There are 2 protein chains.
Amino acid sequence: MTIINNYQPEIIGVLEVKLPTFDSVFSVDCVIFGFEAGELKILLIERNEEPFKDWFALPGYIVEQDESIDDAAERILYELTGLRDLHMQQFHTFGEVNRHPQGRVITVAYYALIRINGQKELRPITQYARKAFWHPVNELPKLAFDHSEIFNTAFNKIRRRLNYQPIAFELLPEKFTLTQLQSLYEAVENKKLDKRNFRKKMLSYGFLKELDEKQKGVSYRAAKLYKFDRRKYAKIFHNETEK
Amino acid sequence: MTIINNYQPEIIGVLEVKLPTFDSVFSVDCVIFGFEAGELKILLIERNEEPFKDWFALPGYIVEQDESIDDAAERILYELTGLRDLHMQQFHTFGEVNRHPQGRVITVAYYALIRINGQKELRPITQYARKAFWHPVNELPKLAFDHSEIFNTAFNKIRRRLNYQPIAFELLPEKFTLTQLQSLYEAVENKKLDKRNFRKKMLSYGFLKELDEKQKGVSYRAAKLYKFDRRKYAKIFHNETEK
DNA sequence: ATTTAATGGTGTAATTTTTACACCCTATAT
DNA sequence: ATATAGGGTGTAAAAATTACACCATTAAAT
């Protein structure tokens, strides 16, 4: 049984006491989900640095000393992929001693869900990523570090949250059809749903706003477009927060 | 916009590259729930060290360099309270820059649910806690650091999980009555439940095993005792894991 | 102009789940 | 014996979920 042992307070000023420290690093990793062509995808980078140079990895890097981890997540995602202003949600911290080959690195993992369409080009700002790209969540390649495990944890999380958090609407364009919404649910849950029951249920919640617009550019009967009404949702569900 | 800047690889051996590091500390904090006398309680310590000397706080301390955070959580809880072999579950990491008055400390928070009765005495092993004790979750005092926020996050988490994870049984004695189970649900959800409906529903799940025993030492009609059947639960719910 | 291909859009009945609700039973203490 | 305190049970109404199939509309192809 190890007893906590390296706390040897040292008086610096009148009231300051130095914290016990050792070389340690923490990082954030981001699992960014998108939905395109009926497929669920995640954002990967191709690493340009050792270790795992040339491997695919989740966008992630080291947290600076003077930024919160939430801020770090936003900054790092931007620097590695060019994406910003997403609502990222922390979901788990991975702290195995040997998860990084070069030393002790604890990583806080975040996920976010975004619309792929209409996003500006993916373009890493730093040299640490050679490129960033979307990859379908089925048939994922091996990823650097323990990133496959991080991805699996994230996927399980959002799969579970899909049915009690309004996360689907973050993946779809602002205006979407009920069929698009349904195919997203089908992709995440990996099963077919009944069209009539799905529509009945979704509409019964009362937070979908039917627009006067229709789909355009399709070679078949155009579907009505809907919007997610965040205000109504908050009213109905008493603004339950999630942390 | 800060660009990642302090990664200056340095060749040490043939293949080793030094990681960028800075003084940083991470810790774990534990929110341990117990249930006693119809009340939900958590485990607090009275601090014996600056900062926040003499304050009440969640049991928590600094992770060692060579232990995983999961291991650290178990060790630290033991050292501060004398409790061990709980199943702790990580639930959130708190990373605000100024959450610790003496420097940058990121903390990974864990929760666990345990039976208070039959636990051995609470007895801190280290000097960092003067004592450890149970305190009802209603009327909690101000806690050190951001521990009140950590507690609130934990409480919201378990409140939500109560209805889709078998966590209630970790709080009760191995053999319990349906009334005890119900009063636990009522304490966590903070509302009265209907006795007949509650029993009907609980029993309908099929994972409660009725024993041939009855309650003892009560001055009224003794109630039947039940056990939670973990194997049946796993069968019924396909062993859904939670991370 | 007609046909084809592709998806849009709709209702009802059966089943299951949830809710609301009140009284007698039994063990102990007096 | 009786008072006390919680133990234990059923039914009907309402709500939610499931299963299930066909006609409508549009653009493109002919």
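Okay, let's start with one residue: A37(A) is exposed, because it has just 9 other C-beta atoms within 10 Å. By exposed I mean 12 or fewer such neighbours, while buried takes 20 or more and partly exposed is in between, with C-beta atoms placed from the backbone. Before I go on, this is a predicted model, so local features need pLDDT of at least 70 and side-chain atom pairs count only at pLDDT 80 or more, while totals for chains, interfaces and linings use all residues. Residues are numbered from 1 along each chain as its sequence is written, and chains are lettered from A and ligands numbered from 1 in the order in which they are written.

Back to A37(A). You'll find A37(A) in the loop between β1 (22-36) and β2 (39-47) of chain A. Helices and strands here are DSSP runs, H or I over at least four residues and E over at least two, numbered from the N terminus. Now, how far apart in space are A37(A) and Q180(A)? They sit 9.6 Å apart, C-alpha to C-alpha, with their positions 143 residues apart in sequence.

Zooming out, chain A has 6 helices and 9 strands. Of its 243 residues, 31% are buried.

Next, a helix pair in chain A. α4(A), residues 178-189, packs on α5(A), residues 195-205, at about 105 degrees, and the axes are 11 Å apart. That makes the two helices roughly perpendicular, a label for angles of 65 to 115 degrees. Which residues of α4(A) meet α5(A)? They are L178(A), L181(A) and Q182(A), and across from them are K195(A), F198(A), R199(A) and M202(A). Contact here means C-beta atoms, placed from the backbone, within 7 Å. The residues of this contact split into 4 nonpolar, 1 polar and 2 charged.

Over to chain B. Helix α4(B), residues 178-189, has 12 residues and reaches 16 Å from first C-alpha to last, close to the 16 Å expected at 1.5 Å a residue. Its buried residues are L181(B), L184(B) and V188(B). Those three lie on the same side of α4(B), because they cover an arc of only 60 degrees around the axis. Just after α4(B) comes N190(B), with a positive phi of about 55 degrees.

And α5(B), residues 195-205? How many of its 11 residues are buried? The count is 0, so to speak a helix that is hardly covered. Just after α5(B), G206(B) takes a positive phi of about 85 degrees.

Key. The expected span of a helix is 1.5 Å times one less than its number of residues. The arc is that of the directions from the helix axis to the C-beta atoms. Axes are lines fitted to C-alpha atoms, for helices over the stretch in contact, and angles run from 0 to 180 degrees between N-to-C directions. Angles under 35 degrees count as roughly parallel, over 145 as roughly antiparallel, 65 to 115 as roughly perpendicular and the rest as oblique. Two residues are in contact if their C-beta atoms, placed from the backbone, lie within 7 Å. Ala, Val, Leu, Ile, Met, Phe, Trp, Tyr, Cys and Pro count as nonpolar, Asp, Glu, Lys and Arg as charged, and the others, Gly among them, as polar.
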